[in-house]
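Could you walk me through this model with an eye for rings, charges and surface? Gladly; here is the structure, followed by a short tour.

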Amino acid sequence: MASAEEWMLENGNIKVLSKEMRNGRTAHNVSSSSLRKKSDRSLLAGIRVGFLRKFLGNLQEVLLGTKLFIFLVAIPFAIAAKYRRFGSPWVFALSCLGLIPLAERVTFLTEQIALFTGPTVGGLLNATCGNVTELVIAIFALIQNKVDVVKYSLLGSVLSNLLLVLGSSLFCGGIANISKEQKFERKQADVNSLLLVLGLICHVLPLMFKFTGKFDPELTAFATLALSRASSIIMLIAYLAYLVFQLFTHRQLFQEQQEEGAAESDEVESDETPVIGIYSALFWLVLMTGIVALLSEYVVATIEAASDSWGLSVAFISVILLPIVGNAVEHAGAIIFAFRNKLDITLGVALGSATQIAMFVVPLSVIISWIIGVKMDLDLSLVETIALGLSILITSLALQDGTSHYMKGLLLLLCYFVIGACFFVSWSPLNTTNLGFSSEMARL
């Protein structure tokens, strides 16, 4: 369809843009599309009232257009459990289940809006809305002054993407393609690794104030907070530069992974044809974001009660369980494309999401806490910072040669299990008391 093609003059050459580049899609969006299914509108053809037919069609696309639609049932049950005063652990668990499909639906609606706005605005929307669930949870936790929950959950999201999502994807992809040589583009991985190292530096330096011995505790806390806020601004600048790099100056590095996913996406729906109108997409996006906010509030409010009831520390729930819920869609999509030997998309999902959390959501949370008067810094404490640094290191080592096999994925998974075990045994005094430990052991 030559008449439908969009052309541009780039570096002196006429070049046709792929569908994904026209719509500003990222690997995260291509991965999420693997969990969608085409809705059958034949049942609506007999409805003669145009408004009603359109409304029911939109409802069908939004609610039934995902393979995860069964988890949407958890949303009304979570609301009912909250207002019928069921146990807090039930509210927490049902809210987490309800958040799983909402992350994919927000991505879907963002893509629909991007189809009307063009590649530039669409790319910015897709690049900033990929981790809206984690951001909303962080905001509600900050409003309730639960800074540790914010730090733990965002740290866990980075660790989950680097080790669990990437590790399981490389392991499954290596087993499924054991007779093939798996290769990927190193240039994208190098850029994301450098950004993650910058984020690590911004976490290490505030931590070092504790060990310098030059300041008293009050001055140390002040210096840590001031440095964290300045570093957060620098991290946001770096992420903005990354968006320019990804969407404008070096988008050819990211184009291959998008074109690889084009055929897979076409099996689900036409990428160039929106299935709902822009105003409908905006309405559903606002509604879905509101539901995400509601469930996030439930999660934050009941996390301590769930911790006490299940005998798990808040650190373990925040670092391990919450990120698994938030990254479920990315996890499934990354594994699907790894099975198909599309490792560039898999790496774009795992590393791209980790970079977005580390360089956008974390510093933005610090800035938001600054605005609302909550003192949140970038000091993750020693164990958490070491876990983050080692995760970045082993991921960079695993990706340095541009090839992959199942052994690399297995080692990344085992590293994640070791870190998970570390947080599993990190009990707070409240947890140790509930488990029947002595007060002396709790103080230890």
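A charge is said to sit over a ring when NZ of Lys or CZ of Arg is within 6 Å of the ring centre and within 35 degrees of the ring normal. By that rule, the charged end of Arg-340 sits over the ring of Phe-337, 5.6 Å from its centre. Arg-105 does likewise with Phe-108, its charged end being 4.3 Å from the centre of the ring.

A word on the ground rules. The model is predicted, so local features need pLDDT of at least 70 and side-chain atom pairs count only at pLDDT 80 or more, while totals for chains, interfaces and linings use all residues. Residues are numbered from 1 along each chain as its sequence is written, and side-chain values use heavy atoms, with hydrogens and water left out.

**The whole protein**

The protein has 20 helices and four strands; these are DSSP runs numbered from the N terminus, with helices being H or I of at least four residues and strands E of at least two. Of its 444 residues, 53% count as buried, where buried means under 20% relative accessible area, exposed over 50% and partly exposed in between (1.4 Å probe, protein chains only). Contacts, meaning heavy atoms within 4.5 Å, are mostly of the long-range kind: among those with a separation of 6 or more, residues 24 or more positions apart account for 83%. About 20,000 Å² of the protein is exposed, and carbon and sulfur atoms supply 68% of that area. Accessible areas come from the Shrake-Rupley method with a 1.4 Å probe, and for residues only the protein chains shown count as cover.

**Aromatic pairs**

A pair of aromatic rings is described by the distance of the centres and the angle of the planes. Here, rings of Phe, Tyr and Trp (its six-membered ring) pair if their centres lie within 6.5 Å; planes under 30 degrees apart count as stacked, over 60 as edge-to-face and the rest as tilted. The count comes to seven aromatic pairs, and two of them are set out below.

| Pair | Centre to centre | Angle between planes | Type |
|---|---|---|---|
| Phe-171 and Tyr-406 | 6.4 Å | 75° | edge-to-face |
| Phe-316 and Phe-424 | 5.4 Å | 80° | edge-to-face |

Phe-171 belongs to helix α8 and Tyr-406 to helix α18 (residues 406-424), so their pair ties together parts that are 235 residues apart in sequence. Phe-171 counts as partly exposed at 27% relative accessibility, as does Tyr-406 at 35%. In the other pair, Phe-316 lies in helix α14 (residues 314-326) and Phe-424 in helix α18, so parts 108 residues apart in sequence are tied together. Phe-316 is buried, with a relative accessible area of 13%, whereas Phe-424 is partly exposed at 38%. Elsewhere, Tyr-239, Tyr-242 and Phe-360 form one aromatic cluster.

**Two buried polar residues**

Tyr-242 from that cluster also turns up beside Asn-192, which touches Tyr-242, Leu-351, Gly-352 and Thr-355, not counting residues up to four places away in sequence. Asn-192 and Tyr-242 are 50 residues apart in sequence and 9.0 Å apart in space, C-alpha to C-alpha. Asn-192 is found in helix α9 and counts as buried because its relative accessibility is 4%.

Ser-169 has its place in helix α8 (residues 147-176). Is Ser-169 buried or exposed? Its relative accessibility is 0%, so Ser-169 counts as buried. Leaving aside residues up to four places away in sequence, Ser-169 touches Ala-334, Ile-335, Ala-338 and Thr-346.

**A nonpolar patch**

On the surface, Val-197, Ile-201, Leu-205, Met-208, Phe-211, Leu-382, Ile-386, Leu-390, Leu-393 and Leu-397 make a nonpolar patch of about 910 Å². The elements giving two or more residues to this patch are α9 (186-212) and α17 (382-398). Patches are made of residues with over 30% relative accessible area and no salt bridge; like charges are joined within 9 Å, and nonpolar side chains (Val, Leu, Ile, Met, Phe, Trp, Tyr) within 5 Å. A salt bridge is a side-chain nitrogen of Lys or Arg within 4 Å of a carboxyl oxygen of Asp or Glu. Leu-205, one of the patch residues, lies in helix α9 and counts as partly exposed at 46% relative accessibility.

**Positive phi in two loops**

Asn-341 has a phi near 65°, a positive value in a residue other than glycine. Asn-341 lies in the loop between α15 (328-339) and α16 (343-372) and counts as partly exposed at 24% relative accessibility. Ser-381, in the loop between α16 and α17, has a positive phi too, near 75°. Ser-381 is partly exposed, with a relative accessible area of 26%.
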